[in-house]
Structure formats: C-alpha cells, structure tokens
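Dear colleague,

Please find below the structure that I am handing over to you. My findings follow directly after it.

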Amino acid sequence: MRRGSVKHILATLVLLLPAGALADHELENRDLRNGRALYAVHCASCHGAKLEGQPNWRRPGKDGIRPAPPHDETGHTWHHDNQYLFDYTKLGGKALFEARGLPEIASGMPAPAEELTDDGIWDILAYIRSIWPDRIRRIQATTNPRHKR
Ligand code: HEC
C-alpha cells in the first residue's frame with residue numbers, strides 16, 4: 001500500500017472515533033480538590049455550596065437579570081461545551097455577551113477575581129463535571145468540537 005493511502009486511512013479512522021473520545025482533554029487530569037476549594041471561594045456564594053443554584057433561578061428579576069443557575073445536572077451548565085464554560089467564567093456574562101455581539105443581554109455573572117488563574121478555572125470546571133452522573137458527562141462531551149491534538 002502506498003504511504004499516502006495509509007495516511008488517508010488513519011485520518012479517516014480519527015474522524016470516525018466517537019465524539020467525546022478526543023473531545024474532553026481540557027478537563028482531564030485536573031486537580032479536583034483544588035477545583036472544589038476554588039469553587040467554594042469564588043462560585044458557591046451564588047451557584048450554591050452544593051451547586052444547587054439560587055432559588056427560582058429560572059425566573060429573571062425585575063431588572064431582567066437572571067439568578068445564578070445550578071451547576072449540577074438540574075441546571076444547563078452541561079448543555080454547553082468546555083470552551084464556552086471557560087469563557088463565561090473567565091470573562092463574566094456581560095463581557096462574554098458583548099464579545100458575541102449581544103451587548104443588550106444583562107448578566108449577573110461577574111468576571112472572577114484576578115487571582116483566579118486559567119488553570120484554576122479549568123480545575124473548577126473539572127470539579128463541576130465530576131459531580132455529574134456518567135450519562136450527563138457523556139452528553140456534555142458531545143458538545144465539544146473534536147480536537148486536533
Ligand atoms: C455574584 C454571583 C456569581 C458568582 C460569584 C459566580 N456566578 Fe456564575 N453566574 C451567575 C449568574 C447570575 C449567572 C446566570 C447567567 C447570567 O446572568 O449571565 C451565572 C452563570 C454562569 C455560567 C453559565 C451557565 C449556563 O448554563 O449558561 C457559568 C458557566 C458560571 N456562571 C460559572 C461560574 C463559576 C465557575 C464561578 C466561580 C468562579 C461563578 N460562576 C461565580 C452569578 C455568579
């Protein structure tokens with residue numbers, strides 16, 4: 001067989017791997033204890049010590065600002081891909097929506113304290129994921145675009 005066709009077959013095999021097989025590497029091998037500790041300091045006051053969110057989180061306030069949703073399986077955090085969750089956390093809601101051309105959307109989600117590093121954010125997100133049942137983790141993994149590496 002010519003080398004070119006071997007390469008072609010390999011490339012095709014990679015494309016045929018189930019979604020999720022390659023898609024989750026940002027959250028692999030993370031420090032879950034650190035994520036849990038950072039969550040308690042930076043996120044729990046709004047999203048709940050048990051990731052349960054704020055009461056009546058589905059109902060926006062009079063100012064149009066939504067309460068903090070849960071991060072457990074009853075919320076919609078797991079509907080989003082890893083990078084979106086990272087950007088949301090890193091930028092805060094207002095800057096994220098502005099960056100996406102939606103400045104009119106109000107948000108109660110602040111940008112985090114400066115001391116929270118990118119690695120810290122990934123650890124928090126990995127901790128949040130570690131709370132989800134397997135089924136939810138598998139579904140969330142399919143929202144991630146396939147990675148090249
Ligand atoms: C001051 C309260 C507050 C704090 C602290 C806070 N959040 Fe939020 N967060 C919110 C609110 C309110 C929303 C609802 C959406 C909006 O208004 O933008 C939200 C939404 C989110 C979302 C989007 C969820 C979805 O399904 O759309 C993510 C992800 C998120 N927060 C992560 C975090 C993480 C991680 C931390 C800690 C580093 C954190 N938040 C700290 C208030 C907060």
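In this predicted model, Tyr 39 touches Ala 44, Ile 124 and Tyr 127, leaving aside residues up to four places away in sequence. Tyr 39 also belongs to the largest nonpolar core, which has 15 residues. Together with Tyr 39, the residues with the most contacts inside this core are Trp 122, Ile 124, Leu 125, Ala 126, Tyr 127 and Ile 128. Two or more core residues are given by each of helix 2 (32-42), helix 4 (82-91) and helix 6 (118-131). Helix 6 contributes the largest share, seven residues.

Helix 4 deserves a separate description. Its buried residues are Asn 82, Leu 85, Tyr 88 and Thr 89. Viewed down the axis of helix 4, these buried residues fall within an arc of 135°, so they line one face of the helix. They pack against helix 5 (93-99) and helix 6. After helix 4 comes Gly 92, which has a positive phi, near 85°.

I turn lastly to the ligand. There are 24 residues around the ligand, and those that come nearest are Cys 43, Cys 46, Gly 93, Ser 107 and Gly 108. Helix 3 (44-47) supplies at least two residues of this shell, and so does helix 4. Sorted by class, the shell consists of 12 nonpolar residues, 11 polar residues and one charged residue. Helix 4 thus appears in both settings: it gives two or more residues to the largest nonpolar core, and it supplies at least two residues of the shell around the ligand.

With kind regards

Key: Residues are numbered from 1 along each chain as its sequence is written. This is a predicted model: local features need pLDDT of at least 70, side-chain atom pairs count only at pLDDT 80 or more; totals for chains, interfaces and linings use all residues. A nonpolar core is a set of buried Ala, Val, Leu, Ile, Met, Phe, Trp, Tyr and Cys residues joined through C-beta atoms within 7 Å. A residue is buried if 20 or more other C-beta atoms lie within 10 Å of its own, exposed if 12 or fewer, and partly exposed in between; C-beta atoms are placed from the backbone. Helices (H or I, at least four residues) and strands (E, at least two) are DSSP runs, numbered from the N terminus. Two residues are in contact if their C-beta atoms, placed from the backbone, lie within 7 Å. The arc is that of the directions from the helix axis to the C-beta atoms. A residue is near a molecule or strand if its C-beta atom, placed from the backbone, lies within 6 Å of it. Ala, Val, Leu, Ile, Met, Phe, Trp, Tyr, Cys and Pro count as nonpolar, Asp, Glu, Lys and Arg as charged, and the others, Gly among them, as polar.
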